Amino acid sequence: MALLVLEGITKVYEAAGETIRAVGGVSLTVEKGEFISIVGHSGSGKTTLLSIIGGLVRPTSGTILCKGADIGTLDSDGLAQYRAERIGFMFQFASLLPVLTAKENLMLPLLFQRGDGSAKEDGGRKAEELLRRVGLSDKINAYPAQLSGGQQRRVAIARAFMNEPEIILADEPTGDLDEGTEEDMMQFFQAMNREQGVTFIMVTHNRDLARRASRQFSMTNGVHVEHARP
Amino acid sequence: MKNRFSLFSFALKNIRRKAVRSTMLAAAIMLLTASIVFAVSFITRVHSGIALMTSRLGADIMVVPTGSRGAAEEVLLENKVKSFYMDGSVVDRVRRIEGVEEVTSQTYLVTLTALCCSVPESIVVAFDQKSDFIVRPWLAEKLRRPLKKGEAIVGHESAFNINVGLVEIDSMLFGNVFRMVGVLDKTGTGLDNAIFISDENITDIMRSGTAGIKPGQVSIAFVKVRKGFDARTVANAVENNILEADAVMRKDIGKRIIQTLRDVSGIFTAAVVLAALLSGFLAWTVFSAVANERAREVGIMRAIGARESDVVRLFLWEVLLIAVAGSLLGIVGGTALSVVLVRSFVLLKDLAGDLGFAVRILIAIGGLGAGVAVCVIGALSPLRRIKKLEPLGAMKEA
């Protein structure tokens, strides 16, 4: 069974009396362990598509099946559980909570996964290990304000793996990073994809990064086109 | 043991983030709780003081000279030094009324401070040992025999005034030497400040000419009503048959104070309601600001798997931590205030009895509940708004 099946997904917004078609009829099947990249200009609908897959936005029409289950039928809490258990998000903006240390920011998804408002005993060790893997073992107890933009981005990247998701939805995950760190992060993604079978759907402007994916798509005006496999 | 990361520790960090604002809200809740605890302690203490006194007296009806009802209550409830007299024949006439089971009389004599070598001004209670059912139970605990002529036993509070302790001493009362043979336990009545003697001493006292009492006079008659008779009916019969006497039922003793208390309660209630409204409004304002400032963070939390209930729980922890901290401080403040102000309020200072530990705990729990409830109710509307935030919209808005 495919991990994700998108059928005829559209998203239409009404803004200032104007109808905007952000996503227009996207159909896509994603198998477990695939690494998919989506490129496209700003406003082409990439982020909206990721948000729909992640259950942050409901599509205007179409269905999304995750392991055969229609996520369109889930209520608000059902979608939260879907995100807590299956999805890891990397946002294109700074998304750390300022009152929490790097380690606590990583442990945050665990609070919501257990449902009792406390993180697992081994959550701390796991958070430290992930911070080490993104090169921030010396910043475990640092607050976001004490980190550079690139370091904050790496903390957010590490956080996406905390709940051991099946799917990572990455929206320009390396946007703020210098070339060296960007390369390190890509290698980390590929390692996680290879070692743990984590499925990646990554939106990027960087065509070089996009080419390293197993499948590549481009989006224009809400419509996607799949490119031939490299 | 390592501190585990939880919604509770997360909430604590959020509170510390805006320490001044959180402190202001906690201070408002503290004032509210303090005013509730103080007001309830004050009112309860007056009520319990009156209830304690009436139960310790053990009489169903109190018969006093017409117009002396207030003075009698002041002696019995407020430790005031007053004297009032009626003819002793009233006692026999009361005894003959249908429904009366027992009657005993007491005569209140006021000592004079100016008199050389006498005890400080206080009430001396001369009681009829044969018919007595008021003092006898108190006496039985301490002396275990009737008082002899020339002997006195002092009330618990009076002992401090005339230095009676473990040793028996002689004191002058109305020019007569009395041997103080002991100290009664605290009774919780105004008579804790009195000195008790047998009424067979009255003749000698009158001879000294310092007591201002005529032969055969008594101050008060206490009545026990026969089983199956209604105290009100008996009291009405006393008043109808004996024009020079007023009858006060046990449950009406202290009515004057309770009436005054109603006005005080009204003022307290108005102040508490106002404080509750202000605290609730402050909670609403603070958490409305929180909802606006942290919309983006809530969006991020929702995106990484937080359910609506997780968001509510986080903010509820914050509300509860502030409310409980404020309420606990308010309980301490309100209780301390009620203890300290006992010395300033004439009504409380003179009224016997104190609130027990259990009552104080109950008042504290009530204060805590009220403080927390006002804070939660005030924060409810912003909490509902936070809960309903759409993740993506919240992240983009901020």
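Two strands count as paired here if DSSP finds at least two bridges between them. That goes for the sheet views below, which come from a predicted model.

**View 1. The open sheet of chain B has nine strands.** Read across, the strand order is E6-E7-E5-E8-E4-E3-E10-E1-E11, and the pairing is mixed. At the edges sit strand E6 (169-173) and strand E11 (245-249) of chain B; each has a single partner strand, so one side of each has no neighbour in the sheet. Going from one strand to the next, the twist averages 35°.

**View 2. Strands E1 and E10 of chain B run antiparallel.** Strand E1 covers residues 61-65 and strand E10 residues 220-225, with three bridges joining them. Look for B:Met62, which stands opposite B:Phe222 in E10(B).

**View 3. Helix H3 of chain B lies across part of the sheet, and helix H8 packs on the sheet as well.** H3 (residues 69-78) lies across E1, strand E3 (100-110), strand E4 (123-127), E10 and E11 of chain B, and runs at about 120° to E1(B). H8 (residues 231-241) touches E1, E3, E10 and E11 of chain B, with its direction at about 170° to that of E11(B).

**View 4. Chain B meets chain A.** The contact draws 21 residues from chain B and 24 residues from chain A. On the chain B side, helices H1 (7-17), H10 (295-303), H11 (308-340) and H14 (391-397) each supply at least two residues. H1(B) gives the most, with five residues. By type, the residues on this side of chain B split into nine nonpolar, three polar and nine charged.

Terms used. Residues numbered from 1 in each chain as written. Chains lettered and ligands numbered in written order. Predicted model: local features only at pLDDT ≥ 70, side-chain atom pairs only at ≥ 80, totals over all residues. Contact = placed C-beta atoms within 7 Å. Helix = DSSP H or I, 4+ residues; strand = E, 2+ residues; numbered from the N terminus. Nonpolar A, V, L, I, M, F, W, Y, C, P; charged D, E, K, R; others polar. Axes fitted to C-alpha atoms, helices over the stretch in contact; angles between N-to-C directions.
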